[in-house]
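Here is a short report on helix packing and strand pairing. Look at the model first, then read on.

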Amino acid sequence: MTKSPRSYGQFCALARSLDVIGDRWTLLILRELLPGPMRYTELKTSLAGIATNLLSERLKNMEANGIAERRLEGSSVVYALTPWGAGLRDPMEALGRWGVPLLATGQGDDTFRPRWLTLALPALLRGTTASPPVELGIETDGFLMVLRIDENGPRAFVPDRDPATVFTATPDVVVALAAGTISIEQAVAAGELRGDSNVFRTAFSGVRANVTPPVDGD
């Protein structure tokens, strides 16, 4: 393990984990790489605000600690997570679920990348299963991803073909539906559903909606 100069110096698994991934921007780089490999320029574009030298330093540290690696894909060099680095998916998803109430104030001026939903949706829909499996395309801000739910639970990925059923909506509608703050009916009314509505309902069947009913006279 390559320790940070600001190591906690504690013989504790949590402290040593933070020695490796606790520096500013490291967890967000992990978020970017969990859905799949990315080129350096793609990382820089997606991580608005990170300095070029800092991104290089963080990637070098992640390589040195066996979390990420460089690979050759065609004529391009990409960064990808190692199997050990990919093992951070569960704690990252848990942290994302814990932070959902912090989204209640809305996006405001904060940056958003649709790719981030490939981590957020499986985290919010954890425990949802389907047999036979269903695949739902979700399109937001021009980005298409597929949410697949089978007997092992949900996962999301960038598809190499268009799925038969696609739900198109703004990011806040997609997140609100997965978090249970709006109902399936409200989501459909706010977006556009093409294809089999049963696929859509099955994908979000595990959501426990926490929707305030209208007051008489509203």
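## A covered helix

A residue counts as buried when its relative accessible area is under 20%. By that cut-off, helix α7 is mostly covered, with six of its eight residues buried. This is a predicted model. Helix α7 spans residues 117–124. Its buried residues are L117, T118, L119, L121, P122 and A123.

What lies over them? The cover of the buried α7 residues includes helices α2, α6 (89–98) and α8. It also includes strands β4 (134–140), β5 (143–150) and β6 (153–157).

## Helix α7 against helix α8

Two packed helices are described by the angle between their axes and the distance between the axes. For α7 and α8 (residues 171–179), the angle is about 20° and the axes are 9 Å apart. Angles under 35 degrees count as roughly parallel, so α7 and α8 are roughly parallel to each other. Their crossing is left-handed.

From α7, the contact uses L117, L121 and L124. From α8, it uses V174, V175, A178 and A179. Sorted by class, the α7 and α8 contact has seven nonpolar residues, no polar ones and no charged ones. L117 and L121, both in this contact, are also among the buried residues of α7.

## The five-stranded sheet

Which strands form the open sheet, and in what order? Five strands run in the order β6-β5-β4-β7-β8, and their pairing is mixed. Strands β6 and β8 (192–194) are the edges, each pairing on one side only. From one strand to the next, the twist averages 20°.

Within this sheet, β4 and β5 run antiparallel and are joined by seven bridges. One bridge sets I138 opposite M145 of β5. Helix α7 packs on the sheet and touches β4, β5 and β6. The direction of α7 makes about 30° with that of β5. Those three strands also appear in the cover of the buried α7 residues.

## Helix α2 against helix α4

A second helix pair has another geometry. Helix α2 (residues 26–33) and helix α4 (residues 52–64) cross at roughly 75°, and their axes come within 10 Å. Angles of 65 to 115 degrees count as roughly perpendicular, so α2 and α4 are roughly perpendicular to each other.

Helix α2 brings T26, I29, L30 and L33 to the contact. Helix α4 brings L55, R58, L59 and M62. The set divides into six nonpolar residues, one polar and one charged. Helix α2 has a further role in the packing, as part of the cover of the buried α7 residues.

## An exposed residue in α4

Helix α4 also holds N53. Is N53 buried or exposed? Its relative accessibility is 60%, and exposed means over 50%, so N53 counts as exposed. In sequence, N53 and R71 are 18 residues apart. In space, their C-alpha atoms are 20 Å apart.

## The β2 and β3 hairpin

Strand β2 covers residues 68–73 and strand β3 covers residues 76–81. The two pair in the antiparallel sense over six bridges. R70 stands opposite Y79 of β3.

How many residues lie between the strands of this hairpin? Two residues separate β2 from β3. In the hairpin, G74 takes a positive phi near 65°.

Technical notes: Residues are numbered from 1 along each chain as its sequence is written. This is a predicted model: local features need pLDDT of at least 70, side-chain atom pairs count only at pLDDT 80 or more; totals for chains, interfaces and linings use all residues. Side-chain values use heavy atoms; hydrogens and water are left out. Axes are lines fitted to C-alpha atoms, for helices over the stretch in contact, and angles run from 0 to 180 degrees between N-to-C directions. Helices (H or I, at least four residues) and strands (E, at least two) are DSSP runs, numbered from the N terminus. Angles under 35 degrees count as roughly parallel, over 145 as roughly antiparallel, 65 to 115 as roughly perpendicular and the rest as oblique. Contact means heavy atoms within 4.5 Å. Ala, Val, Leu, Ile, Met, Phe, Trp, Tyr, Cys and Pro count as nonpolar, Asp, Glu, Lys and Arg as charged, and the others, Gly among them, as polar. A crossing is left-handed if the near helix is turned anticlockwise from the far one by less than a right angle, and right-handed if clockwise. Buried means under 20% relative accessible area, exposed over 50%, partly exposed in between (1.4 Å probe, protein chains only). Two strands pair if DSSP finds at least two bridges between them.
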